[in-house]
Amino acid sequence: MKWTAADVEIYVKEKDYIDTALIPLIPITIADGAKAAASGGEFVQLIVHEAERQLKGRLFLFPPFTYFMSEQREELIRRLGDWTRQLMEHGMKHVFYVTCDRTWKEYENQLSGRLWMVPAIPLQDMDESYKQEVIREQTSQLLNFFISQWS
């Protein structure tokens, strides 16, 4: 399920079966590192969309939690905690965050959901078949992480 009117309509009818929220954490900047941040965000989005495609009916992919890299982490943790609390109050049993921003790893124990890191791989110069292989590999690892957390 994605954040679309059609999928939300299905979610409302089937929410007893959809117990997992997936939130991409996407850093942005217009300063140094903008290209790397955009590339990493693009990679995260490709992976979460593929995970959603494979787990449709169990997982709800929410819009990205987007933030400036210069924002105070404590404020980001508070805001993300608010998102997570709201989702859990409305029936989500599992909340997963996916990001390429390594800074989150330092704050993982302060997060209400489970964090999954993906490498910030620059895709723009990659051969299309290799890019698809990397996406499949990273998605497979993410799906295995979900399954281990669901047990």
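Modeller: Buried means under 20% relative accessible area, exposed means over 50%, and partly exposed lies in between. The model discussed here is predicted.

Colleague: How many salt bridges does the structure hold?
Modeller: Side chains of opposite charge can pair when their charged atoms come close. One such pair here is D7 and K56, with N to O at 3.4 Å. For the structure, the count of salt bridges is twelve.

Colleague: How many residues apart in sequence are the parts that D7 and K56 tie together?
Modeller: The side chains of D7 and K56 meet in a salt bridge. D7 belongs to helix α1 (residues 5–14), while K56 sits in the loop between α2 and β2 (59–61). The pair therefore links parts whose separation in sequence is 49 residues.

Colleague: What is the relative accessible area of K56?
Modeller: Its salt-bridge partner D7 is buried, at 8%. K56 falls in the partly exposed class. Its relative accessible area is 46%.

Colleague: Which residue forms a salt bridge with R73?
Modeller: The closest N and O atoms of this pair are 3.0 Å apart. R73 lies in helix α3 (residues 73–89), and its partner lies in the loop between β4 (94–99) and β5 (114–117), so parts 28 residues apart in sequence are tied together. Both residues of the pair are buried. The partner of R73 is D101.

Colleague: With which side chain, besides that of R73, does D101 make a polar contact of 3.0 Å?
Modeller: D101 is buried, with a relative accessible area of 8%. Leaving aside neighbours within four places in sequence, D101 is in contact with P27, Y67, R73 and M117. The other polar contact of 3.0 Å is with the side chain of T103.

Colleague: Which residues are joined into one network with E75 and R78?
Modeller: R78 and E75 form a salt bridge, with their closest N and O atoms 2.5 Å apart. They are three residues apart in helix α3, so about one helical turn separates them. Both are partly exposed: R78 has 41% relative accessible area, and E75 has 33%. Salt bridges that share partners connect E75 and R78 in one network with D82 and R85.

Colleague: Which element gives the most residues to the largest nonpolar core?
Modeller: In soluble globular proteins, nonpolar side chains tend to be buried together. The largest nonpolar core here has 24 residues; L22, F43, V44, V98, V118, L142 and F146 touch the most other members. Two or more residues come from each of β1, α2, β2, β4 and α4 (128–150). With six residues, the element that gives the most is α4.

Colleague: How many residues are in the core that lies apart from the largest one?
Modeller: Start inside the largest core, where V98 is one of the residues touching the most other members. Not counting residues up to four places away in sequence, V98 touches L22, I23, P24, L25, V44, V48, W116, V118 and L142. Apart from this core lies another, with I77, W104, Y107 and L111 among its members, and its size is 22 residues.

Colleague: What accessible area do I28, I30 and F68 have together?
Modeller: I30 sits in the loop between β1 (20–28) and α2 (34–54). I30 is exposed, with a relative accessible area of 82%. I28, I30 and F68 form a nonpolar patch on the surface, and their accessible area together is about 320 Å².

Conventions. Residues numbered from 1 in each chain as written. Predicted model: local features only at pLDDT ≥ 70, side-chain atom pairs only at ≥ 80, totals over all residues. Heavy atoms only, no water. Patch = residues over 30% accessible without salt bridge, like charges linked within 9 Å, V, L, I, M, F, W, Y side chains within 5 Å. Areas by Shrake-Rupley, 256 points an atom, 1.4 Å probe, with all protein chains shown as cover. Salt bridge = Lys/Arg side-chain N within 4 Å of Asp/Glu carboxyl O. Helix = DSSP H or I, 4+ residues; strand = E, 2+ residues; numbered from the N terminus. Buried < 20%, exposed > 50% of the residue type's maximum accessible area, 1.4 Å probe, protein only. Core = buried A, V, L, I, M, F, W, Y, C linked by side-chain atoms within 4.5 Å. Contact = heavy atoms within 4.5 Å. Polar contact = N/O pair within 3.5 Å; in protein donor to acceptor, adjacent residues only side chain to side chain.
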